[in-house]
Amino acid sequence: MKSFFKIFFASLLALIIFFVGFFLIFAGIASQDSEVKISDNSFLEIQLNRPIVEMTSNDPFAEFSQALTNEPVPISLKDILESIEHAKTDDKIKGIYLDAPYVLAGFAQIEEIRNALIDFKESGKPILAYSEAFSETGYYVASVADNIVLNPAGMLEMSGLSSEVTFFKGTFEKLNIEPQIFRVGTFKSAVEPFLRKDMSDPSKEQISVLLNSVYGVLINNIASSRGIDATELRAISDKLKVRTTEDALNYKLVTQLGYYDEVLTRMREIAGLEEDAKIPVVSVKKYSQSFVADKYNANRIAVIIAEGNIVSGKGGEGSIGSDVFAKEIRKARLDDKIKAIVLRINSPGGSALASDVMWREVKLASKVKPVIASMSSVAASGGYYMAMACDTIVAQPNTITGSIGIFAIIPDLSKFMDTKLGITFDRVSTGEFSDLYTVTRSLNDAEKRIIQNSIERGYEDFTSKAAEGRNMPIDELLNVASGRVWSGIEAKENGLVDVLGGFDDAVNIAANSAGLEEGDYMKVYYPEKKPFFQQLLNEMGASAKVLHKKYTYGEMANYVEELEYVMENKGLQTRMPFDLEIK
């Protein structure tokens, strides 16, 4: 009997899953074909409290996946920017309602959104922002709004930026693991967490300079938007003078202390609606499906999105696979309709080999048509490697870039395996260096010299190609290399970046370089969207993986992902010198 019920419930569950999947497939197909109509007197609602990525696949099952995995659905920066631009001249849109308590994006992406909102205001249409609590990044975006309403019982964060680095040396000591480190560059401190229990002076210096540069941009722009002296605003932040909502109002950081219903009342007034009338509000996702951003044109500018860690091969979600990226560059180079290429880069780097494979394709493309780099929030180390063969490099003032350096880590696990697990190893080899990259014994001096020499050759290759791409003497390039990270402002001052600006600036430069006038071209994005059923299968597979990790590892799931990424990183690495989390 027990066996019968097991089989019965398993069959019932399978049947339910089948019908749910069947329904979703047809619902997805229907949603793909349905026309999106926007009501008169609508407000474009921009919700930024979810991960912002450069471009999404517009997956019709994203909401369903969120319900299964409890993971927030990412929103596309491309859709946000295009929606704001279109809403500026759309008579059906009366204004923008901004929901930005906190923003899950890098500072350069935030800058793009903020600048788009400033441009939108030229239409004369209002921007309303409301939150129960504003984080520093959330307020930075909201500071451009005409009305900034803060809940009277809420809070507004204005305390400056900080960055914390986690160190593992003590853990390795307890586990008897010896990290064998190979690097070039004074500032290539990605390896410091395995060697030290605190930051070195060079590491502290570069992070301090970087944070102050990024925060300087934030302070100056908020001060300009709110009509406050920048020096005064910096003092307000440094001394944490905004401790209550009344402080935020008194220092003119918000225009009103109020509740959500009061914001709705104001929206009805703007739209000319009666009291208690339903306000037509349209999300970015829905609004972006109601218009075509670029009209068809035979002349095209290819926008190739490169977002995530750099790996060899095909890569996957959240990574840049060198095979896929090189193929897209090659395709754009050989397509006569593509008159120019814009590389949109948001990457802290990764595999040195993969970076070089992609650099080669960028180099080849730049010989036959203009190739412009548009740096997003991070384009450092391997991310910079991709950009340095471009004709022009465009970055936001608060882009994190540079980090021209290289490193490798080979852990010696022999003592850990022996003393903690009782596992020992022995080997037979045909040559003196047959097991050079083993982790089950310590390396001897000759082996260490071989690996260090390889690192130095990789660094020489990186720096020489960077000097060539930037038309700089090698000695001058070396002065700004050594693995040091720079803000966009500093990178421009040091010759690593050509223009301070955003994605649109990069597209305009590409068009001008190709001799194209405004309206005489269309943008096409790569990698291209996958067919509907392939999206479905990919999403189902991704959701299954996330669910499996959550149920298997619980709260440790994120750490398991980090470990998996470390295990995937093979060979020399051109990565940022630290995993920078600014808060």
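1. Let me start with alanine 365, which sits in helix 14, a stretch covering residues 352–366. Bear in mind while reading that this is a predicted model. Alanine 365 counts as buried because its relative accessibility is 0%, and the cut-off for buried is under 20%.

2. What does alanine 365 touch, once neighbours within four places in sequence are left aside? The contacts are Ile329, Arg333, Ile341 and Val371. Leucine 334 is worth a look too: 31 residues separate it from alanine 365 in sequence, while the C-alpha to C-alpha distance is 8.5 Å.

3. Now the sheet. It is open, built from 6 strands in the order 8-6-5-4-1-9, with parallel pairing. Strand 8 (256–257) and strand 9 (281–283) are the edge strands, each pairing on one side only.

4. For a closer view of one pairing, take strand 4 (residues 93–99) and strand 5 (residues 127–134): they run parallel and are joined by 3 bridges. Tyrosine 97 has leucine 128, in strand 5, as its bridge partner.

5. Which strands does helix 3 touch as it packs on the sheet? Helix 3 (residues 77–88) touches strand 1 (42–47) and strand 4. The direction of helix 3 makes about 155° with that of strand 1.

6. Helix 11 (residues 260–271) packs on the sheet as well, and its list of strands is worth checking in the viewer: strand 1, strand 4, strand 5, strand 6 (147–156), strand 8 and strand 9. Relative to the direction of strand 5, that of helix 11 makes an angle of about 175°.

Definitions and conventions: Residues are numbered from 1 along each chain as its sequence is written. This is a predicted model: local features need pLDDT of at least 70, side-chain atom pairs count only at pLDDT 80 or more; totals for chains, interfaces and linings use all residues. Side-chain values use heavy atoms; hydrogens and water are left out. Helices (H or I, at least four residues) and strands (E, at least two) are DSSP runs, numbered from the N terminus. Buried means under 20% relative accessible area, exposed over 50%, partly exposed in between (1.4 Å probe, protein chains only). Contact means heavy atoms within 4.5 Å. Two strands pair if DSSP finds at least two bridges between them. Axes are lines fitted to C-alpha atoms, for helices over the stretch in contact, and angles run from 0 to 180 degrees between N-to-C directions.
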